[in-house]
Amino acid sequence: MDSSKPTEAVKNAVKTASGKIADALTPDVPGAPGSAPPPVEEPTTPHDPLPPKPEQGAPQTRTPTGAETGAPTIANGQQGAYLTTANGARLRDTDHSLKAGPRGPVLLQDHHLREKITHFDHERIPERVVHARGAGAHGVFTAYGTAEEVTRAGFLKKGRETEVFVRFSTVLGSRGSADTVRDTRGFATKFYTDEGTFDLVGNNMPVFFIQDAIKFPDIIHAGKPHPDREIPQAQSAHDTFWDFVSLHTEAQHHTIWNMSDRGIPRSYRTMEGFGVHTFRLVNEAGETVLAKFHWKPKLGVHSLTWEEAQLLGGMDPDFHRRDLYDAIEAGAYPEWELGIQVFPDTPEETFAGIDLLDPTKIVPEELAEVQPIGKLVLNRTPTNFFAETEQVAFHLGHLPPGIDVTNDPLLQGRLFSYVDTQLTRLGGPNFTQIPINRPHAAVNDMLRDGFHQHAVHAGVAPYRPNSLDGGNPFPAGDAEHAFVDVPVTVAQAPKVRANPASFDDHYSQVRLFWLSMSPVEKEHIIRAYAFELGKCYHQAIKERQLQSLANIDPVLCEQVATGLGLPAPQPTTPLVDVTPSPALSQVGREWPSDGRVVGIVVDPDGDLDGVDEVRRAVFDAGMVPLLIAPHGGMVGDLPVQRTFATGRSVEFDAVLLAGAPAPAPDALPARDAKAGSPAPATVDPRVLLLVEECWRHAKAIGAWGAGVTVLEQAGVAGTPGVVAAGSGAEVLTAVQQLMAAHRVWERFRYLSVRFS
Ligand code: HEM
């Protein structure tokens, strides 16, 4: 957290010979790389490395065994003004190999060449076997103290602040896959508590596909690309996925969450997070409760539309990571409340008839309230992606005293899997010593040696008891905050490969989810099933999945069957009478608009003063304005962030029209018209496309002055969520109100008829 803005000295050092810094066009919106604007000419005056960007953070400088070093975090990176070898010898030249004459062969003695190429050859490590694609951020967790009664965990005591690192991810895709695919999202949080690291390794969905970890390789093999052609990438819309979930019907609950809008989040900032499993909490008195963890986003739970998600896959495959970093850089720090649902720790381990050990089941919030216990704020982006986001290693066994596991068979398998995979991924057993993984609690283990050992362990007796090291390390008790393995009674039972009978209910909660959705959410679910199954080749798989849909709900089944051109089967199990859970729906509430992106279409001949005013007002409202103009550079005194050629509707949460720009010189009216607009000659066709798409995606649209004519030309004037007013300020106020509901749901009015 010690990064600072570039000093004047550093700025001067990178000034060009002409003394000019080319920063006039550097936009005051997030995303520009580097902490100082680059000069046009190559800088040649030696100076220390530039500091990181102000919003960047890095792991604390701790020793491998957790002691604070007091060094600034910038000391994690490179030092000094001069290029060196890995061993610090300064170098004169890194552009030419050492050769026997300018035209001669390269000499084996060129240690710099060999070191540079050898290191490069080994830059890649295996990507995660699942959740390979992700983005991380640093932050702070502040406890409310409301969990003190149920857990002795020190970091949950009132007012306690704990540093955290969070990694969000998709599950199925490779490291380079697109962010906006339909998939579950990982939500893994590392709390660096002073009683040992706590990893809450959750997802944005509260249930999982399978009930027993032994099936995890199977579901992942089914979801990953087919082994022969290695397609499709980062998709569940293929035969093996649907083959698996239709044969293992316990997967139907998680599958409907994936097919719902939760599978295509608008942003990491607008996702809920869930610990999924039930955990056991133990307080100072040794009393226990069962609990489920929930993350509640301050901005609410919001999603993309399917068309937006697909367009973004091509336009901006990094949409979610860019959104996360940009929001932090803009000061719109993402926030969540951590909450717990608390249940009595009874021998049956059930609540309201729901088996708490079954990870395919939720406990509706209406039955057990989510009680807020603290707040998470993400306020620093990583300084180096590989060092932090790629090397971070989460593990469910990283637990502080006061939080313990249960016998959920999925959780039990996970306790084995994470460290096991990290041994390969991170190249040996010492990955807790990598800076991002270093604990902030004193470490005194008896683990020794191994690849990449960074600690210089003193002493001669890494065993217990010993007398040679004076008996150190000593076991701790309650007074010293020792971890508590809760002495749970294990019922006498035969050793079996079997599930409890309660795990056999595969449909009641899927139906509960379906019935809790609003009409527009139901419509999206139908379309998602129809799309995904429509991508399958084999009729048998579609028919088998339709059977599961029939067991969930006849309307759902019929609608999907219609899309597939297949008959809708009758249910094979009675439809269960369930009470919907309104908390599951994303629609119908209002939320803050912090960090939302507002596109402002600028006409160079239009109201530029008005644009400047609105742009500042958008900033002041905690949102990010992006100016969209016919060309890059400046329009008047205003820096342009997107042109009609580089911008697309999917980047914006709302669009404002400050004019009616004529077709720009690079417009191709014939081709652009084909892309979706009738292209009347007076307005650039890409602006019309922007408005049409925003309308189709139910986004707020506003216009003033000449901009109103664009609404008319696009055929959207006077429709719900389209505002025309006399000034930019009035338009912005109305548009911000519309954004509070995330989308203009009224544009989907007809759907309530279909599902009534
Ligand atoms: C409730 C069910 C599960 C949830 C919520 C979950 C969540 C996650 C998350 C969030 C990550 C990404 C961690 C990161 O950002 O580095 C992850 C990775 C992983 N998960 Fe799970 N997972 C679940 C089930 C399982 C099961 C049953 C297994 C295996 C038995 C498993 C094995 C793995 C592995 C091997 C990784 C990669 C870890 C690494 O390379 O560092 N997961 N999981």
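Start by selecting G702, and you'll land in strand β20, which covers residues 700-704. Keep in mind as you click around that this is a predicted model. Is G702 buried or exposed? Its relative accessible area is 0%, so it counts as buried, the cut-off for that being under 20%.

Now add M446 to your selection and draw a distance between the two C-alpha atoms. G702 and M446 are 65 Å apart in space, and 256 residues separate them in sequence.

**Stop two: the ligand**

Next, select the ligand and show the side chains around it. There are 23 residues in this shell, and the ones that come nearest are R128, R167, R414, Y418 and R425. If you colour the shell by class, you should get eleven nonpolar residues, eight polar ones and four charged ones.

Where do these residues come from? Switch on the cartoon and look for β4 (185-193), β5 (196-203) and α9 (409-425): each of them supplies at least two residues of the shell. Which element gives the largest share? That's α9, with seven residues.

Stay on helix α9 and pick Y418, which lies in it. Then find the iron atom of the ligand. What does the protein offer this iron as a donor? There is a single one, the OH of Y418, sitting 2.0 Å away.

Now turn to the oxygen atoms of the ligand and try these three side chains one by one:

- R128: one of its polar side-chain atoms is 2.7 Å from a ligand oxygen.
- Q422: here a polar side-chain atom and an oxygen of the ligand are 3.0 Å apart.
- R425: an N or O atom of this side chain lies 2.7 Å from an oxygen atom of the ligand.

**Stop three: a threonine in β4**

You've already met β4 as one of the elements that supply the ligand shell. Select T193, which is in this strand. T193 has a relative accessible area of just 1%, so it is buried. Show its side chain together with the backbone of G196. A polar atom of the T193 side chain lies 2.5 Å from the backbone oxygen of G196.

**Stop four: the hidden spaces**

Turn on cavity display if your viewer has it. How many cavities of 30 Å³ or more does the structure hold? The count is eight. The largest cavity has about 160 Å³ of space. Its lining is made of 18 residues, and to find its centre you can select P206, F274, H294, I362 and V363, which are the closest to that point.

Strand β8 (residues 288-297) gives the largest share of this lining, with three residues. Colour the lining by class, as you did with the ligand shell, and you'll find ten nonpolar, three polar and five charged residues.

**Stop five: the loop after α9**

Go back to α9 and follow the chain into the loop that leads to α10 (508-515); P465 is in this loop. Select R464 along with P465 and look at the bond between them. The peptide bond joining R464 and P465 is cis, with omega at about -15°.

A bit further along the loop between α9 and α10 you reach P473. Its bond with N472 is also a cis peptide bond, and here omega is about 5°.

Before leaving this loop, pick H481, which is found there too. H481 isn't a glycine, yet it has a positive phi of about 60°. How accessible is H481? Its relative accessibility is 47%, so it counts as partly exposed.

**Stop six: another positive phi**

For a second case, jump to A234, in the loop between α3 (216-223) and α4 (239-247). A234 is not a glycine either, and its phi is positive at about 55°. Its relative accessibility is 3%, so A234 counts as buried.

**Last stop: out to the surface**

Finish with Q79, in the loop between β1 (56-57) and α2 (111-121). Is Q79 buried or exposed? It counts as exposed, because its relative accessibility is 52% and the cut-off is over 50%.

For one more distance, select Y268 as well. The C-alpha atoms of Q79 and Y268 are 34 Å apart, with the two positions 189 residues apart in sequence numbering.

Methods. Residues are numbered from 1 along each chain as its sequence is written. This is a predicted model: local features need pLDDT of at least 70, side-chain atom pairs count only at pLDDT 80 or more; totals for chains, interfaces and linings use all residues. Side-chain values use heavy atoms; hydrogens and water are left out. A residue is near a molecule or strand if one of its heavy atoms lies within 4 Å of it. A polar contact is a pair of N or O atoms within 3.5 Å; within protein, one must be able to donate a hydrogen and the other to accept it, and residues adjacent in sequence count only if both atoms are side-chain atoms. Helices (H or I, at least four residues) and strands (E, at least two) are DSSP runs, numbered from the N terminus. Ala, Val, Leu, Ile, Met, Phe, Trp, Tyr, Cys and Pro count as nonpolar, Asp, Glu, Lys and Arg as charged, and the others, Gly among them, as polar. Donors are N, O and S atoms within 2.8 Å of the metal (3.2 Å for Na, K and Ca); water is not among the atoms, so sites may look incomplete. On a 1 Å grid over the protein atoms alone, a cavity is a set of points where a 1.4 Å probe fits but cannot get out, and a pocket is an open set with protein on both sides within 12 Å along at least five of seven lines; lining residues have an atom within 4 Å of a point. Grid points are joined across faces, edges and corners, and a volume is the space filled by probe spheres set on the points. Buried means under 20% relative accessible area, exposed over 50%, partly exposed in between (1.4 Å probe, protein chains only).
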